[in-house]
Amino acid sequence: MLDTAIRNATIVTAADRTKAEIGIKDGRIIAIAEDIGPAREEIDATGLLALPGGIDAHVHLEQPQGGGVVMADGFESGTRSAAAGGNTTVLPFALQQRGQSLREAVEAYHAAAKGKCYVDTSFHLIITDPTPQVLGQELPALVKAGYTSFKVFMTYDDMVLNDAQLIEVFDLARREKAMVMVHAEGYDAIRYMARRLEEAGKTAPYYHAESRPQSVEREATHRAISHAELTNVPITIVHVSGREPMEQIQWAKKHGLNIFAETCPQYIALTAEDLKGLDMDFEGAKYVCSPPPRDLDSQKAIWEGLRDGTFDIFSSDHCPFRFDDPKGKNVQGARSSFRWVPNGIPGIETRLPILFSEGVSKGRISLERFVALTATNPAKLFGLYPRKGSIAVGADADITLWDPSREVVISQALMHHDCDYTPYEGFEVTGWPVRTILRGQTIFCEGDVIGAPGTGAYLERGTSQAFGG
Ligand code: DUC
Ligand code: ZN
Ligand code: ZN
Ligand code: ZN
């Protein structure tokens with residue numbers, strides 16, 4: 001007998017939608033048919049969509065910060081918030097601090113996450129110190145052990161890699177078949193702009209956006225793509241904010257380069273104007289993230305890119321800092337210059353509702369495209385497919401039951417994160433997750449997280465399909 005039957009749902013995949021029953025046994029989908037027979041647990045999904053559980057391929061949890069800043073969410077609260085937002089898998093980063101061995105960094109994250117996660121997780125690595133030891137021994141061993149992706153930064157004092165280092169990391173990624181995620185903003189250009197703005201007394205949070213205009217992102221995107229072409233490796237440009245970097249990606253794709261791209265909710269739901277706060281005041285710090293949100297023209301371009309395949313995945317870039325907190329946005333110095341405001345905003349719980357509402361409910365993208373961007377493509381890009389990312393016989397029973405017509409006003413009171421605000425306060429959405437099912441077990445239902453920390457498993461990943469797998 002089946003463990004669980006989901007009946008009367010419309011099942012949506014990246015390819016199509018069908019009305020059928022879903023049978024679950026031992027955490028996996030074992031039947032999809034018109035009539036699957038009896039089950040111990042019955043779920044009536046009349047009027048609901050059954051979507052593959054959301055896969056958020058870009059989240060920051062418990063990542064060490066400089067200057068006394070602490071992230072608002074650790075593995076427990078971050079994955080709790082993810083479950084409440086309809087997600088069953090998240091991919092946080094394990095950051096290598098300079099001077100630290102990668103293995104040491106990974107072990108520290110495992111220790112922090114152990115027994116804490118409500119949803120399944122797997123770590124990308126962040127490479128900040130690509131020494132010969134790291135490139136020659138540690139990274140190849142870690143890729144073989146299932147850490148098949150890593151992020152590199154083209155900016156930030158404590159993370160930036162120069163072009164020589166980027167090329168070495170890309171070259172290694174080709175040899176080991178690992179996916180590199182690139183934070184593409186030019187370090188020197190940002191430093192120049194920040195200095196000039198500060199000299200002119202322009203220090204409010206809003207000037208964070210002026211200090212890193214699209215040209216800075218466009219230039220770095222172009223440079224990363226050129227290095228990827230040179231080393232013949234696929235890469236993913238993450239958190240693409242607007243029209244100008246998009247044009248670089250479109251050029252690369254048109255010329256047959258194996259370039260992938262990600263965008264995020266802040267680039268369709270916020271603009272740089274939000275960084276002005278109420279009256280160029282510190283409220284704007286609630287919206288400080290990098291790259292910064294742009295303008296309405298860029299939002300329009302992002303929608304075109306979500307439709308036409310310029311973008312492959314849509315992730316939250318959840319990177320939460322409490323606002324009313326000297327360990328968060330209000331850290332020492334932040335009120336005297338935007339340069340000290342921690343970069344990042346929460347969004348793990350609101351990613352799916354915002355894309356569904358602004359995209360599917362408003363007729364900008366299809367349901368199938370929504371599923372591709374939020375579950376199927378991230379699974380394929382990061383070595384989790386076909387176990388994750390679709391509703392199919394043999395896959396893990398990771399299913400989100402979604403009410404496409406529920407109207408909700410997003411508010412901090414509804415959130416399950418440990419941040420003290422949401423940048424989407426008052427945002428009206430149509431479409432909301434009703435129930436999140438992880439490997440057959442309901443972990444979230446009608447507003448309540450009912451799973452337990454530790455329900456989530458750690459996933460060793462395979463090779464990205466970008467390598468032709
Ligand atoms: N990059 C991210 O990916 N997240 C937050 C801040 C940053 O620079
Ligand atoms: Zn980044
Ligand atoms: Zn050409
Ligand atoms: Zn990020």
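A residue is counted as near a molecule when its C-beta atom, placed from the backbone, lies within 6 Å of that molecule. Keep this cut-off in mind as you move through the structure, which is a predicted model.

Begin by selecting ligand 1 together with the residues around it, which are His-60, His-183, His-239, Cys-289, Ser-290, Asp-317, Cys-319, Asn-343 and Gly-344. If you colour this shell by class, you will find two nonpolar residues, six polar residues and one charged residue.

Next, select residues 50-442, the stretch to which an unreviewed UniProt entry gives the annotation "domain: Amidohydrolase-related". Within this stretch the chain is 36% helix and 17% strand, and if you mark the C-alpha atoms at its two ends, you will find them 13 Å apart.

From there, go to helix α11, which runs over residues 351-361 and is mostly covered, since ten of its eleven residues are buried. To see them, select Arg-351, Leu-352, Pro-353, Ile-354, Leu-355, Phe-356, Ser-357, Glu-358, Gly-359 and Val-360, each of which is buried. Then step along the chain to Gly-363, just after α11, where the backbone takes a positive phi of about 75°.

Finally, select helix α3, residues 132-144, and helix α4, residues 163-176, which pack at an angle of about 45° with their axes 11 Å apart. Because of that angle, α3 counts as oblique to α4. Turn the view until one helix lies in front of the other, and you can follow how α3 passes α4 in a right-handed crossing.

Terms used:
Residues numbered from 1 in each chain as written. Chains lettered and ligands numbered in written order. Predicted model: local features only at pLDDT ≥ 70, side-chain atom pairs only at ≥ 80, totals over all residues. Nonpolar A, V, L, I, M, F, W, Y, C, P; charged D, E, K, R; others polar. UniProt positions renumbered as here; feature names shortened; annotations may be inferred. Helix = DSSP H or I, 4+ residues; strand = E, 2+ residues; numbered from the N terminus. Buried ≥ 20, exposed ≤ 12 C-beta atoms within 10 Å, placed from the backbone. Axes fitted to C-alpha atoms, helices over the stretch in contact; angles between N-to-C directions. Parallel < 35°, antiparallel > 145°, perpendicular 65-115°, else oblique. Left-handed = near helix turned anticlockwise from the far one by under 90°.
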